[in-house]
Amino acid sequence: MPNRANPLHQAKYALQHPGRVPAHLRRLTRDLRLRLSTRDHVSYYRAVMRSDAARSPEAAVGSKTHERWLALGQMQFDYLVDHGLKAGDRMLEIGCGNLRAGWRFIDHLDTGHYHGIDISPDILLAAQQTLVRQGLQDKLPNLALVDDLTFAFLPAGHFDVVHAHSVFSHSPVEVVDEALAHVGRILAPGGFFDFTFDRTEGSEHHVLWEDYYFRTETLLELARKHGLEGRFMDDWEQLPHKQSKIRVRQPLTH
Ligand SMILES: C[S@@+](CC[C@H](N)C(=O)[O-])C[C@H]1O[C@@H](n2cnc3c(N)ncnc32)[C@H](O)[C@@H]1O
């Protein structure tokens, strides 16, 4: 992946795709305005989601068409089921969005076993609409608004599976660090936390304040710092998705 923050790359890209320049400039102006009017990353990104979700909740979570929204949810679901998610598991989805994959997890899991958290009230309202559309009210999922990733209101040792798709790709390292520092407390014995991230092999960077690129080793080292073992999920790379995936869990004790 090229370094998207590099001015040379940006200039070359603009010359190759002149039609995309006006939209990028609009995004840049909007981002600057939101950045200047908010106090921290979470409130800034909440404002980004408010602005994006007002136009289209499906586009706000990254899908340009309904078909792509369905396909991206299906891909997350199939992968997680192939990699250990069982109907009896208790699951926490960080940054659940408008339940692109979440509605499939809710359908699959036992009643009351799905918890979704997000920083955006607007996308959580859209998540409720997805639930209604899919007729999943009886599955009693929990959807909660959060301000941080300390999981302080959730019980210890509870979740078999924690999942964050396309969340750390929008998060500075402090937010990732916070999640890794606290996820161990809420994981059930043998539980795991899967997350995707935008991977770079070069220097870590971000584009606007929206897209963050990390080296795999940085994230594995952060996990180690918090007593978790991390594993790069090689077979995720075969799927048609630009991000990479890591699974972390508590080390086995003998
Ligand atoms: C690209 S969307 C992906 C949503 C969902 N995971 C999916 O795959 O459809 C990113 C979501 O993460 C949420 N988000 C971003 N930063 C967050 C944070 N620090 N804590 C919780 N949610 C966050 C956003 O509000 C948004 O709903």
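Leu-34 sits in helix α2 (residues 21-37). Here helices (H or I, at least four residues) and strands (E, at least two) are DSSP runs, numbered from the N terminus. Leu-34 is buried, because 20 other C-beta atoms lie within 10 Å. The cut-offs are these: 20 or more other C-beta atoms within 10 Å of a residue's own make it buried, 12 or fewer make it exposed, and anything in between is partly exposed, with C-beta atoms placed from the backbone.

This is a predicted model: local features need pLDDT of at least 70, side-chain atom pairs count only at pLDDT 80 or more, and totals for chains, interfaces and linings use all residues. Residues are numbered from 1 along each chain as its sequence is written.

What does Leu-34 contact, leaving aside its neighbours within four places in sequence? Its partners are Tyr-44, Ala-47 and Val-48. Contact means that the C-beta atoms of two residues, placed from the backbone, lie within 7 Å. Ala-59 is 25 residues from Leu-34 along the chain, and their C-alpha atoms are separated by 19 Å.

**The nonpolar core**

In soluble globular proteins, nonpolar side chains tend to be buried together. The largest nonpolar core in this model has 52 residues. Such a core is a set of buried Ala, Val, Leu, Ile, Met, Phe, Trp, Tyr and Cys residues joined through C-beta atoms within 7 Å. Ile-94, Val-162 and Val-183 have the most contacts inside the core. Helix α8 gives the most to this core, with six residues.

Val-183 is in helix α8. Val-183 counts as buried because it has 27 C-beta neighbours inside 10 Å. Not counting residues up to four places away in sequence, Val-183 touches Phe-151, Val-162 and Phe-193. The C-alpha atoms of Val-183 and Asp-194 are separated by 11 Å, and the two residues are 11 apart along the chain.

**Two packed helices**

Two packed helices are described by the angle between their axes and the distance between the axes. Helix α8 (residues 173-186) packs with helix α9 (residues 216-225) at an angle of about 40°, and their axes are 9 Å apart. Axes are lines fitted to C-alpha atoms, for helices over the stretch in contact, and angles run from 0 to 180 degrees between N-to-C directions. From α8, the contact uses Val-176, Asp-177 and Leu-180, and from α9 it uses Leu-219, Leu-222 and Ala-223. These residues divide into five nonpolar, no polar and one charged. Ala, Val, Leu, Ile, Met, Phe, Trp, Tyr, Cys and Pro count as nonpolar, Asp, Glu, Lys and Arg as charged, and the others, Gly among them, as polar.

**Around the ligand**

How many residues surround the ligand? The shell has 24 residues, and the closest are Gly-95, Gly-97, Arg-100, Ser-120 and Ser-166. A residue is near the ligand if its C-beta atom, placed from the backbone, lies within 6 Å of it. Helix α3 (41-55) and strand β2 (114-118) are the elements that give two or more residues to this shell. Helix α3 gives the most, with three residues. By class, the shell has 14 nonpolar, eight polar and two charged residues.

**Two positive phi values**

Most residues other than glycine have a negative phi. Leu-140 and Phe-151 appear below with their positive values.

| Residue | Phi | Loop | Other C-beta atoms within 10 Å |
|---|---|---|---|
| Leu-140 | near 45° | between α7 (121-134) and β3 (142-145) | 11, exposed |
| Phe-151 | about 55° | between β3 and β4 (159-164) | 22, buried |
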